[in-house]
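Here's a quick briefing to read alongside the coordinates. Grab a viewer and follow along.

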Amino acid sequence: MALAVEFREVEVTLGEFSVLKSVTAKVPLGRQTIVIGPNGGGKSTLIHCLLGHLPYKGQITFTPPNPKLGYVPQRPDFDRSLPLTAQEFLALSLTQRPIWLGLTPKVKRKIKDVLELVKATPLAAKPLGGLSGGETQRVLLAAALLNDPAILILDEPATGVDVYGERLLCELLDDFKNAFTVIMVSHDLATARAHGDWVICLNRRVVAEGVPETIFQPDILSATFGLHQGLIFGPPPTAQKEP
Amino acid sequence: MSALTPLYDLLTVVYEPLFMRRAAVALFLLSLAVSGAGVLAVSRRMAFFPDTVGHSALAGLALGVLTGLDPQVAVVFFGLGLGLFIVFLSRKAQFSNDVSLALVFSGAVALGIALISRDPRATAGLSRWLMGDVLTVSDSEIVALGVLDVISLVLFLTHYNRLILAAVFPAGLAAKGLGDYLFGAYLAVVSVLAVQAVGVLLATALLVTPAATGRLLAASGRSFFWLALVFSVLAAQLGLFISFQPGINASAGATIVLTGLAFLGLASFSRLFKGRI
């Protein structure tokens, strides 16, 4: 199995509190990896280590080294009254030409293409602060895709998203299958089961990792989330090969 | 005869006294810089940055007197250092901008008072820093404001997008680091020069009011920038003009700020009936 990322003995400690304990896990190249676990289990912390936002002990190896990373943050808190259209927001990271000079046709075209990709073309001229949760997530996804990332990292993309937005997200994840490596943090087991090629169960340490069919077993889910989660899921339908 | 004389001659149609023509030029140049700086400060929730850096003039002046440095130079460098320290606090100590500003504000004022209480000579020139006087601006200060406009233009052409991105998602997508310190240093210098022109009590209003007015009316990032610029120039020039009228004869700085606030009031009122631009 070709790997895009390998975590080796990754540890994060905040004061006396150990957030990640000796995390060793792998992310298959070109597949969709879902990191699941309870709240406070260190999922977002692991992502921030991967992005270089947090200091950590241990090793994180990318293959090939220094890939372009696209990141969609979890329900970002921003000043919604700031006058900025969705396409201006996308232009901020796409071009150095200041937005007060207006957007060039080339930049507008590139933004239109990426918005089309995430099914958000009508949002281009809308104010960023006026978008719904699902619309904001799609614009953020467009921002992450703008620089052609080798690895796309999504932190709880379904948080604060309505049913329609969730369905669109599922469609997009299907579109991204085999296009590039996706790492998605989620506590939504249904999404993980439906879209994951590889699942990492994280509760400060790696409880288990593997293809969904081996992971969605009562004992593993109980160990990751607690006993009641294991009771919800029955035995896996059929075993499949590793990606 | 200075290089600015032809410009002053042009303005004789509006103002007879040379000090008024100088003030008009100085305020025009200052408006260009403070409007963009104000947009960034308001977007990044750093509206009290100029106030904090402005109050550091107290300590800067005292340090200048005590160390024998030119007080004006000491104030600029002390303000610059303080601006960088505020950014450092926000980044490393993970305080929010308002907490960092409040801490530095109280520290700078306390240091100023402590130094002044040791040597009363340090109070010389303090009233000009606190109240400001745009009518006494010199040619060399006007040249300094011109240089500030050139620096502003370069910064706005090269870093504007990154600085706004950092304002939208401080902990998310934005590449921070050097850009933050650069912005802190720039805003500190703009603040000190604004304080010099209109005094610490009015500098914050001059920086923030046009940006707040533009923000109220703008529908896009582009119109936000240009509206702030237009309101900044209008408030400064109209305020100066009104202050000089017989029968009014009020403080130029205060009239400028009141004019800016009047525009803000009109903008709020017009938004009730019309949409954004």
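Confidence in this predicted model varies along chain B: among its elements, helix 7 (residues 126-131) of chain B has the lowest mean pLDDT, 68, while helix 12 (residues 221-244) of chain B has the highest, 94. Over the whole of chain B the mean pLDDT is 83, with 89% of residues reaching 70 or more. For the model itself, ipTM and pTM both come out at 0.82.

**Chain B make-up**
- Chain B is built from 13 helices and has 0 strands, so to speak an α-only pattern when you read along the sequence.
- Of its 277 residues, 52% count as buried.
- Take the contacts in chain B with a separation of 6 or more: 72% of them link residues 24 or more positions apart.

**The big nonpolar core**
- The largest nonpolar core holds 163 residues.
- The residues with the most contacts inside this core include A:Ala142 from chain A, plus B:Ala26, B:Leu30 and B:Ala41 from chain B. B:Val190, B:Ala194 and B:Leu206 are on that list too.
- Helix 2 (residues 18-43) of chain B is the top contributor to this core, giving 16 residues.
- Domain 1 (1-67 + 150-243) and domain 2 (80-148) of chain A both give residues to the core, so the core lies between them.
- As background, nonpolar side chains tend to be buried together in soluble globular proteins.
- Want a residue to click on? Try B:Ala41: setting aside neighbours within four places in sequence, B:Ala41 is in contact with B:Met46, B:Ala47 and B:Phe49, and also with B:Leu187, B:Leu207 and B:Val208.

**Two domains in chain A**
- The domain assignment splits chain A into domain 1 (1-67 + 150-243) and domain 2 (80-148).
- Taken over C-alpha atoms, the centres of domain 1 and domain 2 of chain A are 28 Å apart.
- Where they meet, 9 residues of domain 1 of chain A are in contact with 9 residues of domain 2 of chain A.
- On the domain 1 side of that contact, helix 5 (residues 163-176) of chain A supplies the largest share, 4 residues.
- By class, this domain 1 side has 6 nonpolar, 2 polar and 1 charged residues.

**Strand 7 of chain A**
- Strand 7 (residues 181-186) of chain A is mostly covered, with 6 of its 6 residues buried.
- In a regular strand, side chains alternate between the two faces of the sheet.
- Here both faces of strand 7 of chain A are covered: A:Thr181, A:Ile183 and A:Val185 are buried on one side, and A:Val182, A:Met184 and A:Ser186 are buried on the other.
- Strand 3 (residues 32-36) of chain A runs parallel to strand 7 of chain A, and 5 bridges join them; A:Gln32 stands opposite A:Val182.
- Strand 6 (residues 151-155) of chain A is also parallel to strand 7 of chain A and joined to it by 5 bridges; there, A:Leu154 has A:Met184 as its bridge partner.

**Where A meets B**
- The contact between the chains takes 20 residues from chain A and 22 residues from chain B.
- Helix 2 (residues 86-94) of chain A gives the most to the chain A side, with 4 residues.
- The chain A side that touches chain B divides into 14 nonpolar, 5 polar and 1 charged residues.

Conventions. Residues are numbered from 1 along each chain as its sequence is written. Chains are lettered from A and ligands numbered from 1 in the order in which they are written. This is a predicted model: local features need pLDDT of at least 70, side-chain atom pairs count only at pLDDT 80 or more; totals for chains, interfaces and linings use all residues. A nonpolar core is a set of buried Ala, Val, Leu, Ile, Met, Phe, Trp, Tyr and Cys residues joined through C-beta atoms within 7 Å. A residue is buried if 20 or more other C-beta atoms lie within 10 Å of its own, exposed if 12 or fewer, and partly exposed in between; C-beta atoms are placed from the backbone. Helices (H or I, at least four residues) and strands (E, at least two) are DSSP runs, numbered from the N terminus. Domain bounds come from an automatic or database domain assignment. Two residues are in contact if their C-beta atoms, placed from the backbone, lie within 7 Å. Ala, Val, Leu, Ile, Met, Phe, Trp, Tyr, Cys and Pro count as nonpolar, Asp, Glu, Lys and Arg as charged, and the others, Gly among them, as polar. Two strands pair if DSSP finds at least two bridges between them. pLDDT is the predictor's confidence in each residue, from 0 to 100.
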